[in-house]
Amino acid sequence: MSVMVGSVTESLAPQTLNDSTINETTRDAERVRVASTLSVLVGLFQVGLGLIHFGFLVTYLSEPLVRGYTTAAAVQVFVSQLKYVFGLHLSSHSGPLSLIYLIGATGISYGMGLKHIFGVDVVGNISAGLVPPVAPNTQLFSKLVGSAFTIAVVGFAIAISLGKIFALRHGYRVDSNQELVALGLSNLIGGIFQCFPVSCSMSRSLVQESTGGNSQVAGAISSLFILLIIVKLGELFRDLPKAVLAAIIIVNLKGMLRQLSDVCSFWKANQADLLIWLVTFAATILLNLDLGLMVSVVFSLLLVVVRTQMPHYSILGQVPDTDIYRDVAEYSEAKEVPGVKVFRSSATVYFANADFYSDALKQRCGVDVDFLISQKKKLLKKREQLKLKQLQKEKKLQKQAASSKGASVSINVNTSLEDMRSNNVEDCKVMQVSPGDKMEDATANGQEDSKAPDGSTLKALGLPQPDFHSLILDLGALSFVDTVCLKSLKNIFHDFRDIEVEVYMAACHSPVVSQLEAGHFFDASITKKHLFASVHDAVTFALQHPRPVPDSPVSVTRL
């Protein structure tokens, strides 16, 4: 946060202007005004974002992302302190008597005059007392709005990341929107008193946690000590070397730096989480905290999309004497139901994986659906061409007969008259048959006609038939459907019906069914009779109603 604020103040209040050095007092006063105005604007952004519940952003901050982000931030803080550390080589101390070693280093610096003799950089003069409130310079808002929003988001990300780490460690929940409002009010009020934008401190938070401070009381006591130092005791820290402060900060960062060992644990547990950790760490180190956060969140979301594109597809079989269905590749007791294929995906089907779902379905069913459909269309087209040629040949013969001699035509006419007379006699005989017999004959003829194949079946065309008559799609994993999913499901119904396999859907949740209805998925050919509450219900129905071999395209619609 200090680095980000410093870059803003240096750009608006530079060290030099037009190759001339600016007065140090004037420059510092201008930087204070810029920083305090920035703090007010950051506070306004954070309070506003909290009121509109922008805290939902924390949903996209997974634990690997948070740990990688805070580790990278710790490394940045560590590196920023090295210039003070190498200014004077002092041993760092922690644990018992660490307070004494601090005090000792300050006393030595003061007694030996390290500032004047060796040029050791010290804290310097600290003004005593509180600064009176000053209204922010609204004219700077237009220049600071972009940086203020970035700092507001980064400050919130740092605070909520540390909050989530401690929440997971101690078993409580962090209200992200409340954190935003609290952080925003701190910056808003602080900016009026000429403070610069702040967020939570990694080092001081870790120190407080290690000493057992786990409530607001610890924070209140720390605030009272800070107030006492500001009002009266600030001058005692005037000769404290900055190297000592840097050593204290680095030592207290050891808890965050230990998170580098996450690489080993994530490698063993989940390599996808390891990838998120590494990308977040590298992006934050190389691109700074603001761009690093953006890159890591976008990468995490893209990785989620990629992982949904590669779910686990399986063919389910029934556990004997139960209504339980499991993956036949994983459960040896599960056996496929003869004549029925049950297919399941472990992820929801949407635009990013709908094609993968259809391809996996056709592959797992063991039937080259696209090939069968293509061959069927070719054979039917070839048959239609043969019929067309036959009709053309008959028309040609008819034309030749029409151009024959007049005598031949006369003979044909007489023959036709004799045929008409004989037909009239037969019609009269038919009219003398009883109505009951006529109805029975008509019914019998109708049944024979319906059973008479039209030659368009796979068997009639000489193509191999699937070894199952029904396909059941287990859609229990679907949480939503989009238009691409609707079209994909309709294509599945169409394609498998072309190869004489009926399709059913099972285990759809109520919201998904509502979305299917809203998308006009159900029609005359795909009705809710194809929808079942469970896989077992669908299997039972499919076994009791095996789909007959289609005699004509109308039979598909009639079902």
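The exercises below, each with a worked solution, concern a predicted model.

**Exercise 1.** Work out whether the distance between the ends of helix α6 agrees or disagrees with its number of residues.

*Solution.* Begin with the extent of the helix, which runs over residues 141-170 and so holds 30 residues. At 1.5 Å a residue, α6 should span 44 Å. Next, take the end C-alpha atoms, which are 40 Å apart in the model, a distance that agrees with the expected span. To complete the picture of this helix, note that α6 bends by about 35° at Ser-147, and that the residue following α6 is Gly-171, whose phi is positive, near 75°.

**Exercise 2.** Find which residues line the largest cavity, and which elements give two or more residues to that lining.

*Solution.* A search of the whole structure finds one cavity of 30 Å³ or more, and the volume of the largest cavity is about 30 Å³. Its lining consists of Glu-63, Val-66, Arg-67, Lys-164, Ile-165 and Leu-168. The elements that each give two or more residues to this lining are α3 (63-85) and α6. Sorted by class, the lining has three nonpolar and three charged residues, with no polar ones.

**Exercise 3.** For the salt bridge between Asp-474 and Arg-344, state where each partner lies and decide whether each is buried or partly exposed.

*Solution.* The structure holds 11 salt bridges, and in one of them the side chains of Asp-474 and Arg-344 meet at 3.9 Å, N to O. Asp-474 belongs to strand β6 (residues 470-474) and Arg-344 to strand β5 (residues 340-345), so that the pair links distant parts of the chain, 130 residues apart. A residue is buried under 20% relative accessible area; Asp-474, at 8%, therefore counts as buried, whereas Arg-344, at 27%, is partly exposed.

**Exercise 4.** Determine which residues are joined with Lys-362 into one salt-bridge network, and whether Lys-362 and Asp-495 are buried or exposed.

*Solution.* The side chains of Lys-362 and Asp-495 meet in a salt bridge at 3.3 Å, N to O. This pair links distant parts of the chain, 133 residues apart, with Lys-362 in helix α14 (residues 354-364) and Asp-495 in helix α18 (residues 483-498). Lys-362 has 16% relative accessibility and counts as buried, and Asp-495, at 16%, counts as buried too. Finally, salt bridges that share partners join Lys-362, Asp-370 and Asp-495 into one network.

Conventions. Residues are numbered from 1 along each chain as its sequence is written. This is a predicted model: local features need pLDDT of at least 70, side-chain atom pairs count only at pLDDT 80 or more; totals for chains, interfaces and linings use all residues. Side-chain values use heavy atoms; hydrogens and water are left out. Helices (H or I, at least four residues) and strands (E, at least two) are DSSP runs, numbered from the N terminus. The expected span of a helix is 1.5 Å times one less than its number of residues. The bend at a residue is the angle between axes fitted to the seven residues ending there and the seven starting there. On a 1 Å grid over the protein atoms alone, a cavity is a set of points where a 1.4 Å probe fits but cannot get out, and a pocket is an open set with protein on both sides within 12 Å along at least five of seven lines; lining residues have an atom within 4 Å of a point. Grid points are joined across faces, edges and corners, and a volume is the space filled by probe spheres set on the points. Ala, Val, Leu, Ile, Met, Phe, Trp, Tyr, Cys and Pro count as nonpolar, Asp, Glu, Lys and Arg as charged, and the others, Gly among them, as polar. A salt bridge is a side-chain nitrogen of Lys or Arg within 4 Å of a carboxyl oxygen of Asp or Glu. Buried means under 20% relative accessible area, exposed over 50%, partly exposed in between (1.4 Å probe, protein chains only).
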